[in-house]
Amino acid sequence: MPDKGLKPPEISRTSGAGVGRTVDISDAKIRELEAKARLLRRHILKMTHQVQSGHPGGSMSACDVVTALYFHILRVDSESPRWPDRDRFVMSKGHACPVLYAALAERGFFPVSELMTFRRINSRLQGHPEYGTTPGVENAAGAEGQGLSFSVGLALAARLDRKAWRVYCLMGDGEQDVGQTWEAALTSAKFNLDNLTAIIDRNGIQQEGRTEEILPLEPLADKWKSFGWNVLTINGHDMRQILHAIDEAHAHKGQPTVIIAKTTKGRGVSFMENVVKYHGAATSDEELRLALAELGEVPP
Amino acid sequence: MTSVAPIPWKMESQRSYFAKALIELGEKNPNVVVVGGDTTESIKTMDFGKKFPDRLFNVGITEQNMISIAAGFAAAGKIAFASTYAVFGVAHTYNVIRQNVAYTKLPIKLFCSHAGLTTGPDGATHQLNEDIALMRGLPNMTVLVPADGPQTAKAVHAAVDWPGPVYCRFSRTNFPTVTSVEDPFEIGPAYVMRDGSDITLAACGIMVSRCLQAAEELEAEGVSARVINVSTIKPLDTASLLRAARETGGFVSAEEHTVVHGLGSAIAAVVAQEHPVPMEFVGVQDVFGESGEAFELMEKYGLTAAKVVEAAMRVVERKGR
């Protein structure tokens, strides 16, 4: 085949803004990231509450992973969102965009106050991510299962150009139903895309119920392994495990890595955790007050 | 006016012109990449791959994946062609094109062969007669239907500099080469290939040749027919078509595609709003095709010069009322 024989180039990661060594990370740094994740969760709840729509549950389950990426891993520059050598974060589970918007705002891509325009008319923060409008958003998503293929195109381009930037793709577990996800899985393995890291937010719940009831996925890790991926399974709410897994993914050569992040839908608010309803339902005024208190918001 | 190639027209492969143009591009520009889906040999993107083995990506029978990968390439600044048979590349992938390409405006170049009835013996499953309808319905999408091989090659080059996504359809079957190599080709303009004052025959793809033949026959009947090659269906050259409506007072559209939401519909919408004139639609009449040789099918499904002439005579008669 003419497209075989691509060797990963010998490249060294140059350090840039936002890059951290994840090994030997200090307890203080972990605490800082955990506080940031709580802040993002509060944003998620307020964004979805103000418009009484959106998907808080899956945003909160992915929140620790997204926090780790945006506040410790990704080399991105809010002053120059289209910087060609930036890392790419592809949000494949588009419905969880509140967590992405919250991270981008806190990372300086647009004002935090703009978060409260989410899903409103004339907003840059669409109900599902729009490409080219929202600073820092790298792809359009909403119809499930397209993000990993899009990431393959990005990763192949980086390799062709012998660039060190990396691609991170966050998928939902509902997206594991979609045939195209597995098309992309086959393709990533064919091209040995070790500059691509996929993360599955394995919260076990999709729109209408438990994933194992709607369309069983287990043994999910074995499936990915058999598709030619390096598979890491972690607690997706343990900041140290998340950072460690991403570090391992960086070090792993010759294969793409998928991190199955075991998470809890609605994580961080006791009455939302593991409740199917909060996939696509916002909180009431009273629920919001209680939730924010649980997440450490100090009332004004 | 552009010129018409001398008769007898050479029968030439659009795929060969496509493949040659891709290689020319690849030589000029190291950023050109091609994504294919287990059809690289028949669609001849393999020729590009032989020359540039690290820039052809055969992703197997995963057309949705293929489109998204091309979009990812484009997002990283590559000039990305995605190419397979129309039925797989357009019909199987509609929502991927919608979300990852049209909505994003990422300038991928989706060049699909085996469009239309002339796909032939493979039958209805492979004869996509609805691709123009599907693609022109998408915001931000540009739709090209080259009339022959030379126009296919020119479409490849024109697509490179076009700022948004482009869909270009061509055929498995050799088409008569009706245009001249010297003629210009840009995305946008419709090309008047023959002047006339009594009626306009507006066509795309292989039906341009049929309309040129029809115009000859109509001349013998004393009807002066203008022939317009609408190689860009979207954005439509409304100025040229409205001028034709005003100057000739009647239209026949002709396309190797369903009459539902194709070229004829696009023209009718413009004409009805701005300058209503009698119009007839030659094309596949909202039915599926079947197995057969390309030109047998065109005969059976009414895609012939004779059908264009009949339609034109009806329009001329209605004009007189």
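**Reading the sheets, helices and chains**

Modeller: In chain B, seven strands form an open sheet in the order β3-β2-β4-β5-β7-β6-β12, with mixed pairing.

Biologist: What makes β3 and β12 of chain B edge strands?

Modeller: Each of them, β3 (56-58) and β12 (232-234) of chain B, pairs on one side only. Two strands pair if DSSP finds at least two bridges between them. From one strand to the next, the twist of this sheet averages 20 degrees. This is a predicted model, where local features need pLDDT of at least 70 and side-chain atom pairs count only at pLDDT 80 or more, while totals for chains, interfaces and linings use all residues. Residues are numbered from 1 along each chain as its sequence is written, with chains lettered from A and ligands numbered from 1 in the order in which they are written.

Biologist: How do you know that β6 and β7 of chain B pair?

Modeller: Strand β6 (residues 142-144) of chain B and strand β7 (residues 166-169) of chain B share three bridges, in the parallel sense. The rule asks for at least two bridges, so β6 and β7 of chain B count as a pair. Within this pair, Thr142(B) is opposite Val166(B) of β7(B).

Biologist: Why is α7 of chain B called a helix?

Modeller: Helices are DSSP runs of H or I with at least four residues, strands are runs of E with at least two, and both are numbered from the N terminus. Helix α7 of chain B covers residues 149-161, so it passes the helix cut-off. It lies across β4 (79-85), β5 (109-113), β6 and β7 of chain B, and runs at about 175 degrees to β7(B). For such angles, axes are lines fitted to C-alpha atoms, for helices over the stretch in contact, and the angle runs from 0 to 180 degrees between N-to-C directions. The value for α7(B) is close to the upper end of that scale, so α7(B) and β7(B) point in nearly opposite directions.

Biologist: What is the strand order in the sheet of five strands in chain B?

Modeller: That open sheet runs β9-β11-β10-β13-β14, again with mixed pairing. Its edge strands are β9 (191-194) and β14 (279-284) of chain B, each pairing on one side only. The twist from one strand to the next averages 25 degrees.

Biologist: How do you know that β10 and β13 of chain B pair?

Modeller: Four bridges join strand β10 (residues 199-203) of chain B to strand β13 (residues 251-258) of chain B, in the parallel sense. Leu201(B) stands opposite Val252(B) there.

Biologist: Which helices of chain B lie across strands of this sheet?

Modeller: Helix α8 (residues 207-220) of chain B lies across β9, β10, β11 (225-229) and β13, at about 170 degrees to β11(B). Helix α10 (residues 263-274) of chain B lies across β10, β13 and β14, at about 145 degrees to β13(B).

Biologist: What makes Asn140(B) stand out, and is it buried or exposed?

Modeller: Its phi is positive, about 75 degrees, although Asn140(B) is not a glycine. Asn140(B) lies in the loop between α6 (131-136) and β6 of chain B. A residue is buried if 20 or more other C-beta atoms, placed from the backbone, lie within 10 Å of its own, exposed if 12 or fewer, and partly exposed in between. Asn140(B) has 16, so it is partly exposed. His261(B), another residue other than glycine with a positive phi, near 65 degrees, is in the loop between β13 and α10 of chain B. His261(B) also has 16 other C-beta atoms within 10 Å, so it is partly exposed.

Biologist: Why is chain A called as compact as a globular protein of its length?

Modeller: Chain A has ten helices and seven strands. Its radius of gyration is 18 Å, close to the 19 Å that the globule rule gives for 300 residues, so chain A is as compact as a globular protein of that length. The radius is taken over C-alpha atoms, and the rule is 2.2 Å times the number of residues to the power 0.38. Of the 300 residues of chain A, 50% count as buried.

Biologist: How many residues of chain A are in contact with chain B?

Modeller: 25 residues of chain A are in contact with 28 residues of chain B. α5 (147-160) and α6 (179-190) are the elements of chain A that give two or more residues to this side. α5(A) gives the most, with ten residues. Contact requires that the C-beta atoms of two residues, placed from the backbone, lie within 7 Å.
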